[in-house]
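Welcome, and please open your viewer. We will go from stop to stop, and at each one you will hear what to select and what is there.

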Amino acid sequence: MGKVLVIYSTNSGGTKRIGDLIAEGIRLEGHEATVKNVTDVKTEKDLEGYDGYAFGSATYHGEMMGKMKTMLFLAEKANLEGKAGGSFGSFGWSGEATDRIFDTMQHIFNMDVVGGSLRLKSAHLQGGVQMAQDYGRELAKKIK
Ligand SMILES: Cc1cc2nc3c(=O)[nH]c(=O)nc-3n(C[C@H](O)[C@H](O)[C@H](O)COP(=O)(O)O)c2cc1C
């Protein structure tokens, strides 16, 4: 059984809900998933010991949230190369955060990323529950 860490950055809770559903999908594939608020990640040691990672942030003012940016600098020190990766987030109209995180996971951390990022206006609209669970399943399938 593999272990996946899901980290979210949110202001009004939408991105946490998506992260919880991604964790459900990971568990449905038989792996362990831990969901953490980005505020609970203090050092790169908090990121060690997992086989896969999903990082999520809501988009505000065309960007990911500041705490997620800080966490990505910690993640750079954690050596995530080759680990399974994906990104997610809640958004209103432009949703830049998820692709920015995804690109960093792919090009800077050299992770084994899934097909793309997951952007949802709400976990509970337009099939969002299913999409988020499926994203978790897709990520889990990358775990050797
Ligand atoms: C002040 C403010 C700025 C926002 N800026 C953006 C934006 O630039 N692009 C976008 O797609 N959504 C934007 N949104 C919408 C949020 O991304 C959306 O409400 C999202 O569901 C919030 O996620 P959260 O519940 O995880 O915090 C903004 C919302 C607020 C209140």
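**Stop 1: Ser 57**

Start by selecting Ser 57, which counts as buried because 31 other C-beta atoms lie within 10 Å of its own, and 20 or more is enough for that label. Keep in mind throughout the tour that this is a predicted model. Ser 57 sits in strand β3.

Now add Ile 7 to your selection. In sequence, Ser 57 and Ile 7 are 50 residues apart, yet from C-alpha to C-alpha the distance is 8.6 Å.

Which residues is Ser 57 in contact with, once its neighbours within four places in sequence are left aside? Select Ser 9, Thr 15, Met 64, Met 65, Met 68, Gly 89, Ala 97 and Ile 101 to see them.

**Stop 2: Ala 58**

Step along to Ala 58, in the loop between β3 (52-57) and β4. Is Ala 58 buried or exposed? It has 26 C-beta neighbours inside 10 Å, so it counts as buried.

Leaving aside neighbours within four places in sequence, Ala 58 has contacts that include Ser 9, Thr 10, Asn 11, Gly 14 and Thr 15. Met 65, Gly 89, Ser 90, Phe 91 and Ala 97 are also among them. For a distance to try out in the viewer, pick Lys 121: its C-alpha is 9.7 Å from that of Ala 58, and the two are 63 residues apart in sequence.

**Stop 3: around the ligand**

Next, select the ligand. How many residues surround it? There are 17, and the closest are Thr 10, Gly 14, Thr 15, Ala 58 and Gly 92. You have just met Ala 58, in its loop between β3 and β4. The elements giving two or more residues to this shell are α1 (14-28) and β4 (59-60).

Try colouring the shell by residue class. You should find 13 polar residues, 4 nonpolar ones and no charged ones.

**Stop 4: two helices, α1 and α4**

Show α1 and α4 together. Their axes are 7 Å apart, and the helices pack at an angle of about 50 degrees. Because of that angle, α1 is oblique to α4. The crossing of the two helices is right-handed.

To see where they meet, select these residues:

- On the α1 side: Ile 18, Leu 21, Ile 22, Ala 23, Glu 24, Gly 25, Ile 26 and Leu 28.
- On the α4 side: Val 129, Ala 132, Gln 133, Asp 134, Tyr 135, Gly 136, Arg 137, Leu 139 and Ala 140.

Sorted by class, this contact has 11 nonpolar, 3 polar and 3 charged residues.

**Stop 5: two residues of α4**

Stay with α4 and pick Leu 139, which belongs to this helix. Leu 139 has 28 C-beta neighbours inside 10 Å, so it counts as buried. Setting aside neighbours within four places in sequence, its contacts are Val 4, Ile 26, Gly 52, Ala 54, Ala 84, Gly 86 and Val 114. Tyr 53 is 86 residues from Leu 139 along the chain, and their C-alpha atoms are separated by 8.4 Å.

Now move to Asp 134, also in helix α4 (residues 128-141). Why does Asp 134 count as partly exposed? It has 16 other C-beta atoms within 10 Å, and that label covers counts between 12 and 20. Its C-alpha lies 9.7 Å from that of Leu 28, although 106 residues separate the two in sequence.

**Stop 6: two positive phi angles**

Before the last selections, a little background: most residues other than glycine have a negative phi.

Select His 61, in the loop between β4 and β5 (63-64). Its phi is positive, about 55 degrees, although His 61 is not a glycine. With 7 C-beta neighbours inside 10 Å, His 61 counts as exposed.

Finish at Gln 126, in the loop between β8 (118-120) and α4. Gln 126 is not a glycine either, and its phi is positive at about 50 degrees. Here there are 10 C-beta neighbours inside 10 Å, so Gln 126 counts as exposed.

Technical notes. Residues are numbered from 1 along each chain as its sequence is written. This is a predicted model: local features need pLDDT of at least 70, side-chain atom pairs count only at pLDDT 80 or more; totals for chains, interfaces and linings use all residues. Helices (H or I, at least four residues) and strands (E, at least two) are DSSP runs, numbered from the N terminus. A residue is near a molecule or strand if its C-beta atom, placed from the backbone, lies within 6 Å of it. Ala, Val, Leu, Ile, Met, Phe, Trp, Tyr, Cys and Pro count as nonpolar, Asp, Glu, Lys and Arg as charged, and the others, Gly among them, as polar. Two residues are in contact if their C-beta atoms, placed from the backbone, lie within 7 Å. Axes are lines fitted to C-alpha atoms, for helices over the stretch in contact, and angles run from 0 to 180 degrees between N-to-C directions. Angles under 35 degrees count as roughly parallel, over 145 as roughly antiparallel, 65 to 115 as roughly perpendicular and the rest as oblique. A crossing is left-handed if the near helix is turned anticlockwise from the far one by less than a right angle, and right-handed if clockwise.
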